[in-house]
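Biologist: Could you take me through this structure step by step? I would like to begin with a single loop and then move outwards.

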2 protein chains.
Amino acid sequence: MARIAVDVMGGDRGPAELVRGALTTAAQQPNDIFCLVGDEKVINEEIARVKPAPTNLKIIPTQQVVDMHDSPVDAIRYKKDSSLVKAITLVAQGEADAIISVGNTGAVVAGATFLMGFLEGVKRPGIAIPLPTDNGVTYLIDVGANIYCNPVHLLQYGIMASVYCSSSRQIKSPRVGLLNIGSEENKGNELVKYTSTLLKKSHLNFVGNVEGQDIFKGVCDVLVCEGFVGNVLLKQTEGLFEFLLRTLHKELMKTAVPGQNNEGLQSAGSGTGILGQAVGKLKSLADYSEHGGAPLLGVKGVCIICHGRSEARAFSNALKVATKLVESKVTQSIQQAIQESHLSWFDMLKSWRAHSTNN
Amino acid sequence: MARIAVDVMGGDRGPAELVRGALTTAAQQPNDIFCLVGDEKVINEEIARVKPAPTNLKIIPTQQVVDMHDSPVDAIRYKKDSSLVKAITLVAQGEADAIISVGNTGAVVAGATFLMGFLEGVKRPGIAIPLPTDNGVTYLIDVGANIYCNPVHLLQYGIMASVYCSSSRQIKSPRVGLLNIGSEENKGNELVKYTSTLLKKSHLNFVGNVEGQDIFKGVCDVLVCEGFVGNVLLKQTEGLFEFLLRTLHKELMKTAVPGQNNEGLQSAGSGTGILGQAVGKLKSLADYSEHGGAPLLGVKGVCIICHGRSEARAFSNALKVATKLVESKVTQSIQQAIQESHLSWFDMLKSWRAHSTNN
């Protein structure tokens with residue numbers, strides 16, 4: 001049995017949409033418990049629409065909302081009666097196993113860091129985002145939890161995301177790549193070159209440097225990078241998806257001839273017809289909630305961040321993944337993997353510091 | 001009159017394609033001189049096809065080719081009879097005003113650095129790549145010439161790309177953005193935060209931090225970033241373009257019904273029909289040669305890098321842009337802009353070093 005704390009506030013579509021997603025999963029998983037944290041009125045209104053209402057629900061009413069413009073640290077400090085802080089606190093106090101939120105990413109990271117704490121031996125938690133590829137997804141880690149990385153952080157990201165990937169996607173020995181500006185060994189800055197030596201020595205299935213153009217070909221299951229680069233890349237991916245869809249639409253409109261068949265043009269916008277379905281597929285690829293959301297790895301408990309524009313269906317899907325992660329004891333497996341590689345962190349860091357001072 | 005040294009070797013389509021592009025521009029610009037550097041036989045074969053052959057050509061035969069796998073520094077040192085080294089040498093020795101190549105980017109940078117040298121006061125040259133946007137292009141600088149940047153390098157990139165943008169696109173006061181992980185002032189790592197203070201103090205039209213999702217909306221004309229990040233981003237943009245086109249094609253094939261109209265599906269692959277034209281437009285957007293190629297800014301002379309897959313038409317277009325840049329004296333304008341901001345480099349660097357030691 002898994003107990004999932006659901007922060008229903010925030011998101012581009014409002015809390016009712018998220019509550020609907022949670023109710024769908026709750027109905028399908030009667031043995032798990034869903035704690036809906038947020039605006040009591042909205043939650044009850046949505047529950048009233050479902051007949052019969054699921055009985056595996058808890059409602060935790062809160063008055064405050066952490067919004068996108070709040071400073072993460074201030075939000076955690078001063079908005080104690082927010083859905084985000086309350087939901088994280090449930091996990092921190094052992095009353096829930098997983099927290100899921102579409103809220104302010106920085107505040108989720110700050111809340112999980114301060115309230116749940118790091119697993120033993122973890123230097124920095126990292127966010128792993130599933131990027132679509134030709135044959136599934138690649139988890140890019142980190143995408144912004146930690147913008148100052150050293151090689152040990154990056155190695156730990158590889159270890160944690162490998163375990164996550166095994167748990168969530170049943171991949172036995174996930175292929176771990178290192179994001180770099182060339183595929184050859186001698187390429188990149190000192191951080192990636194040194195990280196490469198650590199990854200090679202580790203027990204991970206390290207497949208070497210991966211360049212930007214190969215990410216979407218699915219050449220690895222986990223792709224490690226510094227948080228600054230990962231965040232820029234994630235947002236740029238989103239921007240480029242939207243740009244290409246806008247351009248496609250604009251070009252189709254430009255060449256359309258009034259009164260003729262126009263090869264499915266009308267159906268492209270409405271989401272019907274061949275072209276409309278294809279465009280819809282492209283749109284859904286850009287939403288990482290479709291792939292179970294983005295886990296914050298390295299904290300004590302399952303913590304999942306979903307996209308702000310998640311629909312009920314995608315959010316419901318992320319809740320199912322969260323349940324599976326709890327059941328497969330992913331947090332314990334990450335803890336074990338970190339501890340098994342634990343002995344040499346100190347030596348690694350000492351050697352990196354000596355190395356970077358000499359360069 | 002402009003004298004353009006054209007390295008016709010390299011590229012995915014072979015030298016004949018590039019010679020054809022050069023001959024087109026040569027015929028259209030009879031007052032400029034085009035030095036075709038490379039395989040004499042191929043060059044003469046292509047010239048023989050054109051009637052009447054342009055008379056504003058010089059042929060510089062070379063025996064060696066710098067390929068994509070050559071180490072840049074070794075290529076410059078040991079392949080002295082290569083088209084790339086010879087073409088760059090023409091500019092270095094004052095026999096040409098501009099060099100254009102589709103070759104090994106690292107080798108072009110190394111060749112321009114060692115043979116042409118930096119403009120006075122320039123700390124590091126940078127490659128500016130034109131990225132497509134809703135309303136034109138944004139020059140992203142640097143995309144890999146310099147993977148270890150300090151704030152003065154980034155400020156100089158802003159200055160040089162601003163001048164380039166004014167020259168090549170007749171924009172009076174180009175909007176300069178700083179690539180960052182948030183739009184707020186306090187976001188990012190120390191490098192971008194410190195660079196932001198320098199950009200604010202400069203005479204540039206600095207519009208602040210720009211996040212990845214906004215690049216393609218055309219919110220700025222110049223976007224400054226460290227070479228490592230820029231290179232990853234550039235390659236990822238290319239990979240994502242290809243991925244989306246592959247996915248679109250795959251989805252269309254999946255839903256196609258044999259024997260029916262299929263809304264222009266057949267025409268998508270062949271490049272005809274509404275959908276085919278739109279897909280063709282998307283493909284051409286990804287080729288930066290269409291926008292005049294990528295200039296290496298900060299060296300003594302005009303140096304343009306084109307995409308390896310450039311067609312004759314795109315290459316011809318880049319040659320026209322190179323001519324205009326020579327005529328508008330872009331190198332002299334960059335030199336002047338750098339010198340006008342020159343006095344305070346030393347103080348800036350001293351203050352940055354003190355700052356980074358304290359952090």
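**From one loop to the whole assembly**

Modeller: In this predicted model, A:Pro52 lies in the loop between helix H2 (40-49) and E3 of chain A.

Biologist: Is the peptide bond from A:Lys51 to A:Pro52 cis or trans?

Modeller: That bond, from A:Lys51 to A:Pro52, is cis, with omega near -10 degrees. Most peptide bonds are trans.

Biologist: And in chain B, where is B:Pro52 found?

Modeller: B:Pro52 sits in the loop between helix H2 (40-49) and E3 of chain B. The bond from B:Lys51 to B:Pro52 is also cis, with omega near -10 degrees.

Biologist: Which sign does the phi of A:Lys329 have, positive or negative?

Modeller: The phi of A:Lys329 is positive, about 55 degrees, although this residue is not a glycine. Most residues other than glycine have a negative phi. A:Lys329 belongs to the loop between helix H11 (312-327) and helix H12 (330-340) of chain A.

Biologist: Let us turn to the sheet. How many strands form the open sheet of chain A, and in what order?

Modeller: There are 11 strands, in the order E3-E2-E1-E4-E11-E10-E5-E6-E9-E7-E8 (chain A), and their pairing is mixed. Strand E3 (57-61) and strand E8 (205-210) of chain A stand at the edges with a single partner strand each, so one side of each has no neighbour in the sheet. On average, neighbouring strands are turned by 25 degrees against each other, direction ignored.

Biologist: In which sense do E7 and E9 of chain A pair, parallel or antiparallel?

Modeller: Strand E7 (residues 175-179) and strand E9 (residues 222-224) of chain A pair in the parallel sense, over 3 bridges. Within E9(A), A:Leu223 is the bridge partner of A:Gly177.

Biologist: Which helix packs on the sheet there, touching E7 and E9 of chain A?

Modeller: Helix H6 (residues 151-169) of chain A does, and the other strands that it touches include E5, strand E6 (136-141) and strand E10 (294-297) of chain A. The direction of this helix makes about 150 degrees with that of E6(A).

Biologist: What about E5 and E6 in chain B: parallel or antiparallel?

Modeller: Strand E5 (residues 126-133) and strand E6 (residues 136-141) of chain B pair in the antiparallel sense over 6 bridges. In E6(B), B:Tyr139 is the bridge partner of B:Pro130.

Biologist: Now the two chains together. What turn lays chain A on chain B?

Modeller: A turn of 180 degrees, with a shift of 0.0 Å along the axis, lays chain A on chain B with an RMSD of 0.0 Å. The two copies are therefore related as by a two-fold rotation axis. The same surface serves both copies, as 100% of the contact residues of chain A recur in chain B.

Biologist: How many residues are in contact, and how much area do the chains bury?

Modeller: In chain A, 53 residues are in contact with 53 residues of chain B. The two chains bury about 5,100 Å² between them, 69% of it on carbon and sulfur atoms.

Biologist: How many salt bridges does the rule find across the interface?

Modeller: The rule finds 4 salt bridges between chain A and chain B. A:Asp134 and B:Arg246 meet through their side chains in a salt bridge, at 2.8 Å, N to O. The count of residue pairs in polar contact between the chains is 13.

Biologist: Which element gives the most to the side of chain A that touches chain B?

Modeller: H8(A) gives the most to that side, with 20 residues.

How values were computed. Residues numbered from 1 in each chain as written. Chains lettered and ligands numbered in written order. Predicted model: local features only at pLDDT ≥ 70, side-chain atom pairs only at ≥ 80, totals over all residues. Heavy atoms only, no water. Pairing = 2+ DSSP bridges. Helix = DSSP H or I, 4+ residues; strand = E, 2+ residues; numbered from the N terminus. Least-squares fit on C-alpha atoms with pLDDT ≥ 70 in both. Contact = heavy atoms within 4.5 Å. Buried area = accessible area lost by both parts, 1.4 Å probe. Polar contact = N/O pair within 3.5 Å; in protein donor to acceptor, adjacent residues only side chain to side chain. Axes fitted to C-alpha atoms, helices over the stretch in contact; angles between N-to-C directions.
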